[in-house]
Amino acid sequence: MSTGTPIAQQPAAPVRFRRNADRLTEGQLQTLRNAFQAVYEIDDDRGYGYFAGIHGLPLPISCENAHGTPYFLPWHRAYLYFFERALRDRDPNAGLVWWDWRVDSDRQPSLPNPYAKAKADGKANPLYSAKVTKLALEQGRRGGMQIGATTKREPGSPPELPSRDEVNEVLERKQFTDFSGALEGLHGRVHGWVGGHMGVIPFAAFDPVFWAHHTMIDRIWRLWQLRHPGALPPASLLDEALPPFRMTVRQTLSVSALGYDYAFATASSEVTVRR
Amino acid sequence: MTRFQSEPLDLPADRTDVQRADLVFYGVDHSGPTYEARIFLDNARANVDTPLTADERYAGSFTVFGHGGCFGGDDHCAPRDRYSDEFDRRPPHPLTPQTVAVTITDALERIQGEQVKVHVVIVLPEGMEKLSGSTAVAACERVRLATYA
């Protein structure tokens, strides 16, 4: 699907594609780095600290009803959507990318390349780590968590990253709640594998790789929707809000209505008329 | 003190059937202090001390509950700081200027001639200078006179 849901007042507009983090062109990667750097430099409710803090600390921890419940996928889809809008406010060409963390006999577990190196072009790589806000740190320490002011990872410790076969098995599940619960289990293993800040809910979203991980989760939900057309979250939840986001469960169901879809890689150009 | 005024607005040639008249202010600034906007017709001398009487061609007022200044970083309160497109589900920027309508039927009846000028005097509540991060009030963008038969 390459266009958004049309509305009466205008024709369907082309959607943006979220891309594989390891397949970005140099220009796409630079745009991503620049957008993250730009939101790091804002310390109000347009900036990175604000959005990272929605998931965890500082209080309130708004994702508390979004783990271990059928809200898991809709809430995080809304979360990604509003953060992507914030990135796009800094650079209209910026967008989220997905980390394909699946392993198999040909793929060893690893972080996506753009997020794995401390330096990029001789400067600090904005996708490698980020600062945690002061209030989040204070509240974390009040709760007994000794955690650094800059995000760190300890990848490779158990549990193992999910395999391609495990993801395929989850995609076969027909009921939304069954699928969502199984996918959330795989999701938690990725948090645990990355470790460090990513390993705990209050600080996970401060790590830039959080967004690539959850974009992969959102992509798997999209793939499941394509395989099981008409399969929906429970009807009783569809018109429930997803606080603090101004969006209901129902409004998260169509990625094309939200203006995006997933592509392995993309390339485009202007065209020239030849006579 | 802040004042702003309109260009001359044309009045209907025959006003005998006019039942109601509204002034509609577009692009009203609400980013700064809370303020009262006092409306006078054809009274360029009006100021904060002008009595609110028919003799002074006072027409009414509206009050803006102000945001109180900007508490974020550069351009935090600037609607232009957003990139938006057809897929943007966010509500409008909270400081998008407002539209305010004030009914001025009686005051307009007292105006003679073919045109009228609208003069607005901004009055800040006492102590607002200390309460608000900003006391600046930008003029509204446009004024429209609408009459109804």
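1. The secondary structure of chain A comes to 8 helices and 7 strands. The radius of gyration of chain A is 19 Å, close to the 19 Å that the globule rule gives for 275 residues, so chain A is as compact as a globular protein of that length. Everything in this note refers to a predicted model. The C-alpha trace of chain A spans about 65 × 50 × 45 Å along its principal axes.

2. On burial and contact order, 41% of the 275 residues of chain A count as buried. Among the contacts in chain A with a separation of 6 or more, 73% are accounted for by residues 24 or more positions apart.

3. Helix α1 of chain A, residues 26–40, has 15 residues, and the distance from its first C-alpha to its last is 21 Å, close to the 21 Å expected at 1.5 Å a residue. The buried residues of α1(A), seen down the helix axis, fall within an arc of 160 degrees, so they line one face of the helix. Gln28(A), Leu32(A), Arg33(A), Ala35(A), Phe36(A) and Val39(A) are the buried residues in question. The general background is that an α-helix has 3.6 residues a turn, so residues three or four places apart point the same way. On the face of α1(A) turned away from the buried side, one finds the exposed residues Glu26(A) and Gly27(A).

4. What covers the buried residues of α1(A)? The covering elements of chain A include the strands β1 (16–20), β2 (97–98) and β3 (119–120), together with the helices α2 (48–55) and α3 (72–90).

5. The largest nonpolar core has 68 residues, and those with the most contacts inside it are Val209(A) and Ala212(A). The element that gives the most to this core is α3(A), with 10 residues. When residues up to four places away in sequence are not counted, Ala212(A) touches Ala21(A), Val97(A), Trp98(A), Trp99(A), Pro112(A) and Tyr115(A). Apart from the core that holds Ala212(A) lies another core, of 24 residues, and Leu23(B), Phe40(B), Ala59(B) and Val121(B) are among them.

6. Chain A contains an open sheet of 3 strands in the order β2-β1-β7, with parallel pairing. The strands β2 and β7 (260–262) of chain A stand at the edges, each with a single partner strand, so one side of each is left without a neighbour in the sheet. Between β1(A) and β7(A), which run parallel, there are 3 bridges, and Arg18(A) stands opposite Tyr262(A) in β7(A).

7. In chain B, strand β4 (residues 35–41) is mostly covered, since 6 of its 7 residues are buried. Strand β4(B) is joined by 6 bridges to strand β5 (residues 58–64) of chain B, and the two run antiparallel; here Ala37(B) stands opposite Phe62(B) in β5(B). Strand β4(B) also pairs in the antiparallel sense, over 6 bridges, with strand β8 (residues 118–123) of chain B, where the bridge partner of Glu36(B) is Val123(B) in β8(B).

8. Two cis peptide bonds deserve a look by anyone working with the backbone geometry of chain A. One joins Leu59(A) and Pro60(A), with omega about 0 degrees, and Pro60(A) has its place in the loop between α2 and α3 of chain A. Another joins Pro243(A) and Pro244(A), with omega about 5 degrees, and Pro244(A) lies in the loop between β5 (241–242) and β6 (245–248) of chain A.

9. Positive phi angles at residues that are not glycine form a further point of backbone geometry. Asp121(A), found in the loop between β3 and β4 (123–124) of chain A, has a positive phi of about 55 degrees. Is Asp121(A) buried or exposed? Asp121(A) has 10 C-beta neighbours inside 10 Å and therefore counts as exposed, the cut-off for that class being 12 or fewer. In chain B, Arg57(B) has a positive phi of about 60 degrees and is found in the loop between β4 and β5. With 19 C-beta neighbours inside 10 Å, Arg57(B) counts as partly exposed, because a residue is buried only if 20 or more such neighbours are present.

Terms used. Residues numbered from 1 in each chain as written. Chains lettered and ligands numbered in written order. Predicted model: local features only at pLDDT ≥ 70, side-chain atom pairs only at ≥ 80, totals over all residues. Helix = DSSP H or I, 4+ residues; strand = E, 2+ residues; numbered from the N terminus. Rg over C-alpha atoms; globule rule 2.2 N^0.38 Å. Contact = placed C-beta atoms within 7 Å. Pairing = 2+ DSSP bridges. Expected span 1.5 Å × (residues − 1). Arc of directions from axis to C-beta. Core = buried A, V, L, I, M, F, W, Y, C linked by C-beta atoms within 7 Å.
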